[in-house]
Amino acid sequence: MSDEIKKGLLGIVVDETTISQVMPDINSLTYRGYAVQDLCEKCTFEEVAFLVLNGDLPNKKELSKFKKEIEVNRNISINLREIVKHMPKKAHPMDVARTIVSVLGLEDKQTTDNSPKANMKKTIRIFAKTPTAIAAFFRARKGKKIIPPKKGLSFSENFFYMCFGKVPSKDIVKAFDVSLILYAEHSFNVSTFTARTITSSLSDIHGAITGAIASLKGPLHGGANEEVMHMMNKIKTPEKAHKWINNALDKKEVVMGFGHRVYKRGDSRVPTMEKYFRKVSNAKHDKKFVKIYDIVKNVMIEKKNIHPNVDYPTGPTYHLMGFDTDFFTPIFVISRITGWSAHVMEQHTANKLIRPLSKYTGSDHRKVLLLSQR
Ligand SMILES: CC(C)(COP(=O)(O)OP(=O)(O)OC[C@H]1O[C@@H](n2cnc3c(N)ncnc32)[C@H](O)[C@@H]1OP(=O)(O)O)[C@@H](O)C(=O)NCCC(=O)NCCS
């Protein structure tokens with residue numbers, strides 16, 4: 001057994017997966033073999049969610065059945081609605097999202113059944129209900145009436161409807177759908193590995209996703225999309241962007257939305273999201289954030305050779321769509337539930353307890369003194 005420490009599991013391959021493949025050398029990300037860029041242009045989020053969960057793209061009949069299953073499971077219990085309504089208004093929505101999935105686990109009759117069939121049923125329920133509860137908190141904390149889901153709307157349309165009471169133009173809905181497709185899955189990232197680690201003790205999917213949400217919240221992972229917006233708000237205007245970013249680099253600050261553990265020459269999801277960010281900016285007749293975006297990006301690449309990751313364009317895109325900044329990462333959650341669930345199911349079908357070793361560097365062996373002797 002080697003004593004070499006690979007801090008952060010850097011470069012370590014810990015298991016096999018059939019769900020997605022990240023190929024940084026050729027700047028490619030595939031879900032079940034399909035390039036994510038291709039999926040964004042040709043599919044809806046529901047089709048991609050089906051693909052991630054089931055291994056193949058649906059035909060018309062399968063898609064219609066899948067959409068129906070989501071639609072009939074969208075309503076949340078009165079109990080959960082009341083819990084959400086009474087959450088502290090200042091609570092971070094990611095902590096609320098984490099609690100929502102935990103409560104869904106308390107309410108689900110199959111929580112402890114880890115069979116493939118039960119796991120898929122539970123996945124559908126978590127996937128369908130979590131956005132409803134998150135949207136309920138979006139409104140409840142502002143003292144607004146909670147809007148229940150509406151039949152006949154797509155996943156993205158319904159989320160807008162539950163948050164704002166109306167569905168925006170097709171362009172905006174498409175950009176949101178694309179962001180969800182790009183956020184759906186990304187191999188063994190921190191939150192997915194957390195979900196797999198929890199699952200490896202033969203724990204259940206609600207627990208695994210609750211833990212994954214806690215992991216996603218961190219600014220080095222999903223929380224970065226929120227931090228990007230804070231940064232852009234601090235920069236304020238395109239005229240101040242050059243000075244701001246040069247200053248940050250001089251002070252050796254970590255610039256949010258840049259860098260990646262796996263992609264060192266650019267995140268394969270960025271060109272697609274950037275295209276839709278520009279579309280949303282045009283549709284909203286607001287160029288300020290695109291200008292700041294371009295200046296900061298160019299300086300980061302020129303000076304540091306560090307490229308943006310997907311959270312860099314999604315942050316300002318969600319802002320332009322009207323979402324509160326602290327809801328950006330919960331939006332990531334409603335999409336990544338698909339990837340996490342697929343990994344939980346994969347882990348359950350070929351499980352091995354995840355239990356690494358550590359090198360001890362603490363005190364030498366010593367005797368316990370009685371309290372009166374210390
Ligand atoms: C994502 C991230 C944690 C990857 O970390 P990592 O693989 O462990 O790489 P490191 O943090 O060791 O970075 C390597 C070098 O690049 C620098 N670097 C990486 N990302 C940077 C960033 N966003 N801003 C400034 N410098 C950065 C580091 O300071 C380090 O420099 P050094 O070698 O001089 O110390 C890191 O890039 C980061 O903190 N990014 C900002 C948060 C973010 O956007 N997260 C979302 C990821 S999808």
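By class, which residues form the shell around the ligand? In this predicted model, the shell has seven nonpolar, six polar and two charged residues. The ligand has 15 residues around it. Among these, Ala 224, Val 255, Phe 258, Gly 259 and Arg 261 come nearest.

Ala 224 also belongs to a helix contact. Two packed helices are described by the angle between their axes and the distance between the axes. Helix 11 spans residues 224-235, and helix 15 spans residues 311-321. Their axes come within 8 Å and cross at roughly 70 degrees. Angles of 65 to 115 degrees count as roughly perpendicular. Helix 11 and helix 15 are therefore placed in that class. The crossing of helix 11 with helix 15 is right-handed. Helix 11 contributes Ala 224, Asn 225, Glu 226, Val 228, Met 229 and Met 232 to the contact. Helix 15 supplies Asp 311, Tyr 312, Thr 314, Gly 315, Pro 316 and His 319. By class, this contact has six nonpolar, four polar and two charged residues.

The model also holds an open sheet of three strands, in the order 1-2-3. The pairing is antiparallel. Strand 1 (20-23) and strand 3 (34-35) are the edge strands, and each pairs on one side only. Strands of a sheet pair through backbone hydrogen bonds. Strand 2 covers residues 28-31. Two bridges join strand 2 and strand 3 in the antiparallel sense. Opposite Thr 30 stands Ala 35 of strand 3.

Technical notes:
Residues are numbered from 1 along each chain as its sequence is written. This is a predicted model: local features need pLDDT of at least 70, side-chain atom pairs count only at pLDDT 80 or more; totals for chains, interfaces and linings use all residues. Two strands pair if DSSP finds at least two bridges between them. Helices (H or I, at least four residues) and strands (E, at least two) are DSSP runs, numbered from the N terminus. A residue is near a molecule or strand if its C-beta atom, placed from the backbone, lies within 6 Å of it. Ala, Val, Leu, Ile, Met, Phe, Trp, Tyr, Cys and Pro count as nonpolar, Asp, Glu, Lys and Arg as charged, and the others, Gly among them, as polar. Axes are lines fitted to C-alpha atoms, for helices over the stretch in contact, and angles run from 0 to 180 degrees between N-to-C directions. Angles under 35 degrees count as roughly parallel, over 145 as roughly antiparallel, 65 to 115 as roughly perpendicular and the rest as oblique. A crossing is left-handed if the near helix is turned anticlockwise from the far one by less than a right angle, and right-handed if clockwise. Two residues are in contact if their C-beta atoms, placed from the backbone, lie within 7 Å.
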